[in-house]
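The following account is intended for a reader who meets this structure for the first time. Please keep the sequence and the three-dimensional view at hand while reading.

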Amino acid sequence: MSDLRDLYQEVILDHNKNPRNFRAMDDADRKADGFNPLCGDKVTLFVRLDGDVIADVSFQGSGCAISTASASMMTQVLVGKTLAQAEALFDAFHDVVTGDPTHAADTSAVGKLAVFAGVREYPTRVKCATLVWHTLKSALKGEQDPVTTE
Ligand code: ZN
């Protein structure tokens, strides 16, 4: 399993080093800010919708490797998803990162986001991984107040 774990870390480090969709979006339909005071992670999320389909997602911000990689990978998987699919993915991802550490995670529903299953062993890291997802939820609901994990 340690090889697998190394691979997971490589993916996270790669996304941290070269975050995908790391840019502001001028024509965003939705925008939300998230903050994780426990770690200092900050994220601004931009979403462009085409009907109920996510046409484009991007983010800006600064944070630890887990939060940056989570945001980067989230933007990659969301494009082309409907709002209902995005919601389902949020729930599945939440289950994977907050599940009982003594049980294997059911990662089948989250695809490559399964790399974050390892954070379940580190409760403070769970907030780093989920911050951008909570921010997404807020953006899609059109909420104005910044999201905080506290
Ligand atoms: Zn963090």
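The paragraphs below move from the whole chain to its helices and then to single residues.

The model shown here is a predicted one. Its protein chain contains four helices and four strands. Read from the N terminus, these elements follow the order α-β-β-β-α-α-α-β. The chain has 150 residues, and a compact globule with that number would have a radius of gyration near 15 Å; the value for this chain is 14 Å, which agrees. The C-alpha trace spans about 45 × 30 × 30 Å along its principal axes.

Several totals describe how the chain is arranged as a whole. Of its 150 residues, 41% count as buried. Among contacts with a separation of 6 or more, 58% are made by residues 24 or more positions apart. The chain exposes about 7,800 Å², and carbon and sulfur atoms supply 50% of that area. As for charge, there are 15 positive and 21 negative charges, and the mean positions of the two groups lie 3 Å apart.

Helix 1 covers residues 2-17, and H15 lies within it. Is H15 buried or exposed? Its relative accessible area is 5%, and because buried means under 20%, H15 counts as buried. Leaving out residues up to four places away in sequence, H15 touches R20, T68, A69, S72, M73 and Q76. Of these partners, T68, A69, S72 and M73 are among the buried residues of helix 2.

Y8 is also placed in helix 1. With a relative accessibility of 29%, Y8 counts as partly exposed, whereas H15 is buried. Beyond its neighbours within four places in sequence, Y8 is in contact with A114 and V115. The C-alpha atoms of Y8 and F116 are 7.8 Å apart in space, although 108 residues separate the two in sequence.

After helix 1 the chain enters a loop that leads to strand 1 (30-36), and N21 is located in this loop. The phi angle of N21 is near 55 degrees, a positive value in a residue other than glycine. N21 is partly exposed, with a relative accessible area of 24%.

Strand 3 (53-62) includes G61. Its relative accessibility is 39%, so G61 counts as partly exposed. Which residues does G61 touch, not counting those up to four places away in sequence? They are F22, K42 and V43. F22 and G61 are 39 residues apart along the chain, and their C-alpha atoms are separated by 8.4 Å.

Helix 2 occupies residues 65-78; its 14 residues reach 20 Å from the first C-alpha to the last, close to the 20 Å expected at 1.5 Å a residue. This helix is mostly covered, with 12 of its 14 residues buried. Those buried residues are I66, S67, T68, A69, S70, A71, S72, M73, M74, T75, V77 and L78. G80 follows the helix and has a positive phi, near 95 degrees.

Helix 3 takes up residues 83-98, and its 16 residues should span 22 Å at 1.5 Å a residue; the C-alpha atoms at its ends are 22 Å apart, which agrees. Its buried residues include A86, L89, F90, A92, F93, V96 and V97. An α-helix has 3.6 residues a turn, so residues three or four places apart point the same way. Against which elements do the buried residues of helix 3 pack? They pack against strand 3, helix 2 and helix 4 (123-141).

Helix 4 holds L136. With 3% relative accessibility, L136 counts as buried. Apart from neighbours within four places in sequence, L136 is in contact with L45, V47, M74 and L78. Two of these partners, M74 and L78, appear among the buried residues of helix 2. L136 and F59 are 77 residues apart in sequence, and their C-alpha atoms are 10 Å apart in space.

Helix 2 thus recurs throughout this account. Residues of helix 2 are touched by H15 of helix 1, the buried residues of helix 3 pack against helix 2, and L136 of helix 4 is in contact with M74 and L78.

Conventions:
Residues are numbered from 1 along each chain as its sequence is written. This is a predicted model: local features need pLDDT of at least 70, side-chain atom pairs count only at pLDDT 80 or more; totals for chains, interfaces and linings use all residues. Side-chain values use heavy atoms; hydrogens and water are left out. Helices (H or I, at least four residues) and strands (E, at least two) are DSSP runs, numbered from the N terminus. Buried means under 20% relative accessible area, exposed over 50%, partly exposed in between (1.4 Å probe, protein chains only). Contact means heavy atoms within 4.5 Å. The radius of gyration is taken over C-alpha atoms; the globule rule is 2.2 Å times the number of residues to the power 0.38. Accessible areas come from the Shrake-Rupley method with a 1.4 Å probe; for residues, only the protein chains shown count as cover. Lys and Arg count as positive and Asp and Glu as negative; His and the chain ends are not counted. The place of a charge is taken as NZ of Lys, CZ of Arg, CG of Asp or CD of Glu. The expected span of a helix is 1.5 Å times one less than its number of residues.
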